[in-house]
Amino acid sequence: MSFLSGFYASLYYVAVVILIAGLVNKIVQYARTPAPLKIPTTPAPTSSGKVTLRMVREVVFFESLFKGNKWIWIFGWVFHFGLFLVTLRHLRYFIDPVWLPITFIQPFGIYGGIAMVVGLAGLWARRVLVDRVRYITSPSDHLILLLLLLIGLSGLSMKFAAHTDIVAVKNFFFGLYQLQVNPLPSDPLLLLHLLLVAVLMIIFPYSKLLHAPGLFFSPSRNQVDNPREKRHIVPWAERLEQE
Amino acid sequence: MAKADFEVPLLKPYAEIPALEPGAMAHSRPFVAKADFQGPLGFPGELVEDWQERAIDKMGELLGKYRSLRVYLDSCVKCGSCTDKCHYYLGTKDPNNMPVGRQDLMRKVYRRYFTLAGRFFPKLVGASDFTREVLDEWYSYFHQCSQCRRCSVFCPYGIDTAEISMAAREIMDSIGVGQKYCNEIIGKVYKIGNNLGLPGPALRDTLEGLEEDVFDDTGVAVRYPIDEEGAEILLVTPSADFFAEPHVDGLIGYGKVFHEAGVSWTLSTHASEAANFGMFIGSYANMRRLAQRIREAAIALKVKRIVFGECGHAWRVAYSFLNTLAGPWDFLDPRYPVPQHICEFTHDLIQQGKLRFDKSQNDDMVLTFHDSCNVARASRMGDRPGGQFEIPRAIIRATCNHFFDMEEETIRERTFCCGGGGGLLTDDLMELRVKGAMPRMQALNNVMKEKGVTHMAAICAICKSQFTKVLPYYGMEMEQIVSVHQLVSNALILTGQDRDEEDEEETSDEAA
Ligand code: HEM
Ligand code: SF4
Ligand code: SF4
């Protein structure tokens, strides 16, 4: 086992643990924190079935963002949809046999990669050019964009410029399933790509990337508008009634 | 035009997004509550010694009690969608009045004390210690949010800056830094029963006066009862309805509608206030205590139904929170929602053809309608989403011949706040109120020019008071703001009413 393969193997173990533990921790925290009052942004759905539809529209189409700003929506949606396709495409490195739908979307995954980069570039341009967005930007907001952009670019260059040994990469990750370190190709682009992805996994639960689970817990979006029909009361508020 | 010692924004034909002017409103801060006003609400009288520590503790407590706060502080991606949506930003150009800018005043403290990234890399993620300067910024800018929720409509995660402002005010109250206007008013309700501090005899007097006026006007003995045990309906209405124009014309209208409906009703001295300023200061305990008065009055007066008068945030607390705060309402008539809005009540009667109107009585006005923020984005009327937009409009259409909406971008769920909501309706914030009214004034001005609109109807005591005060700054007349039930009152033909002349075939209205 080379030092490099060993290093990346440990890096990925650590990254996966941090990602999963961090996210589970956050999700449990969100789920456990009560929402004492009914605060859906109205007009809001009056049944839970319709709330599910509202959430689907938010997650899939970014409905509220569409109402808010068409430029952010276009770039943001292109980036996320690209990211989604790319993620699906990458599944083939982690499962065997590869499911048919995953095989099917392989070519689209490439467009996804390009879309992701284009979307990110657009978002970044807004961050620099629009004075309001520039004002609310901290260094970390730039760094996350840089990170994702570099992930996208290094990935695309492996597709279009300097190929790497995909079979070996897959073999490396399959080895990790069995606590076994198989050799990882030492192409610089691949190493950079994998390093940055691990960094992304590690920062995920500790950064604004929490918006992904956060959306599902947002009371202004996920509550049913039925306060008159059904009494909504949480334990800490109920205790006040006993006093 | 009213005199101003600040620059009143110019009204333009099209909405514009202003360039940032950092610090433009840093000087705006309401009077701080004295110890006398803090005590009755359960807050320390002045800034406590270990305020920093206690503020952080309080923030931790609220993070554990309110999922909204926790999720909203974590989730913002700084996308910018909300940045041009707040009327206070549009009117003042101050970047801390961009919703995300306002949230960040709390988020930087949250990150510093409650997140790993902020603890170890504060500069990187814009985290900051809770210093005296930060506290001053909080006091200033969390009192430049009217909690109107416009930002939450456009945020991809529904982040509601109102929730953050409420939490900030609760934290400040808990360390002894309260706002005079809100806290003094809440104290008045505890002591006297309403925001204006009108005692029972004064209310009785006013109501008797109204009965006489309506009799002189119509020849019909319409009653305005108070504290009548056994009445079917308890009417809870903002205390402004008891004395100020145009509010009181609305109250006259409610009475006429009840009269025509043939139901018995009563006001209550104990619950002579629909407003609940406990919400503005984010205090569940105070909000609950205020809401309990309504329960107590309903029980004491043995009523079967509760109806609320025209008031925006009061309707939010009533519709969305009352069941939580003061329910269950199992002792009331289950055939009716608890509570009902007076507009729902009137609209039902119109649909049943039980009210007859002479719309020409409102022909001296061309109307538009201002959707109040708390009604629009934090409540509902009727059984369908959006009823809060359609029902008041249906009432206006049933009672008036001339009605035009303002630009679509400024009404319904996108409505602009009047500029005086959220506990900011106080003279020490006049500059903020005038500037924050700009987007609404602009839309009104445009519809006046394009459609010849002369009057704007509203269903909120705060909106009505705010516009009465602010319209003159923009070269308009304070009388241009009217109550929806004032229109009803003008047009409603009471059974047995003597009418000057009689030509009109009255329209008993088509379902609108
Ligand atoms: C449930 C899944 C997700 C939803 C619904 C979602 C939604 C959104 C929305 C609506 C925005 C604002 C618009 C924009 O700036 O693009 C946003 C921003 C962002 N999202 Fe997501 N997202 C999800 C998952 C992810 C994931 C998995 C990542 C990265 C690994 C990610 C990275 C980002 C970044 C970096 C931004 C900020 C872009 C900027 O700086 O302008 N998102 N997301
Ligand atoms: S709630 Fe209203 S006043 Fe407050 S920040 Fe949002 S838009 Fe502005
Ligand atoms: S719209 Fe929401 S996520 Fe975007 S900057 Fe504003 S608060 Fe943050």
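## Salt bridges, a strand and a surface patch

Me: In this predicted model, which side chain meets A:Lys208 in a salt bridge?
Reply: Look for a carboxyl oxygen by the nitrogen of A:Lys208; the cut-off for a salt bridge is 4 Å. Here the N to O distance is 3.1 Å, and the partner is A:Asp141.

Me: How many residues apart are A:Lys208 and A:Asp141?
Reply: A:Lys208 sits in the loop between helix H9 and helix H10 of chain A, while A:Asp141 belongs to helix H7 of chain A. So the pair links distant parts of the chain, and buried means under 20% relative accessible area, which fits A:Lys208 at 10% and A:Asp141 at 3%. The separation along the chain is 67 residues.

Me: Is B:Asp427 buried or exposed?
Reply: B:Asp427 forms a salt bridge with B:Arg433, with the closest N and O atoms 3.6 Å apart. B:Arg433 is buried because its relative accessible area is just 3%. For B:Asp427 the value is 52%, and over 50% counts as exposed.

Me: How many salt bridges are there over all chains?
Reply: Some are linked in a network, made of B:Asp371, B:Glu390, B:Arg393, B:Asp405, B:Glu408 and B:Arg412. Another joins the side chains of B:Asp50 and B:Arg54 at 3.9 Å, N to O. Over all chains, the count comes to 36.

Me: Which residues of strand S7 of chain B point the other way from B:His455 and B:Ala457?
Reply: In a regular strand, side chains alternate between the two faces of the sheet. B:His455 and B:Ala457 point one way, and all the residues named for this strand are buried. Pointing the other way are B:Met456 and B:Ala458.

Me: Which residue in S8(B) stands opposite B:Met456?
Reply: S7(B) runs parallel to strand S6 of chain B, joined by 3 bridges, and B:His455 is the bridge partner of B:Leu367. S7(B) also pairs in the parallel sense with S8(B), again over 3 bridges, and with helix H20 of chain B these two strands make a right-handed β-α-β unit. The residue opposite B:Met456 is B:Ile481.

Me: Which helix gives the largest share of the nonpolar patch?
Reply: The patch lies on the surface with about 820 Å² of accessible area together, and its residues include A:Leu150 and B:Phe120. Helix H7 of chain A and helix H6 of chain B each supply at least two residues. A:Leu150, found in helix H7 of chain A, is partly exposed at 34%. The largest share, 4 residues, comes from H7(A).

Key:
Residues numbered from 1 in each chain as written. Chains lettered and ligands numbered in written order. Predicted model: local features only at pLDDT ≥ 70, side-chain atom pairs only at ≥ 80, totals over all residues. Heavy atoms only, no water. Patch = residues over 30% accessible without salt bridge, like charges linked within 9 Å, V, L, I, M, F, W, Y side chains within 5 Å. Areas by Shrake-Rupley, 256 points an atom, 1.4 Å probe, with all protein chains shown as cover. Buried < 20%, exposed > 50% of the residue type's maximum accessible area, 1.4 Å probe, protein only. Pairing = 2+ DSSP bridges. Right-handed = clockwise from strand over helix to strand, strands pointing away.
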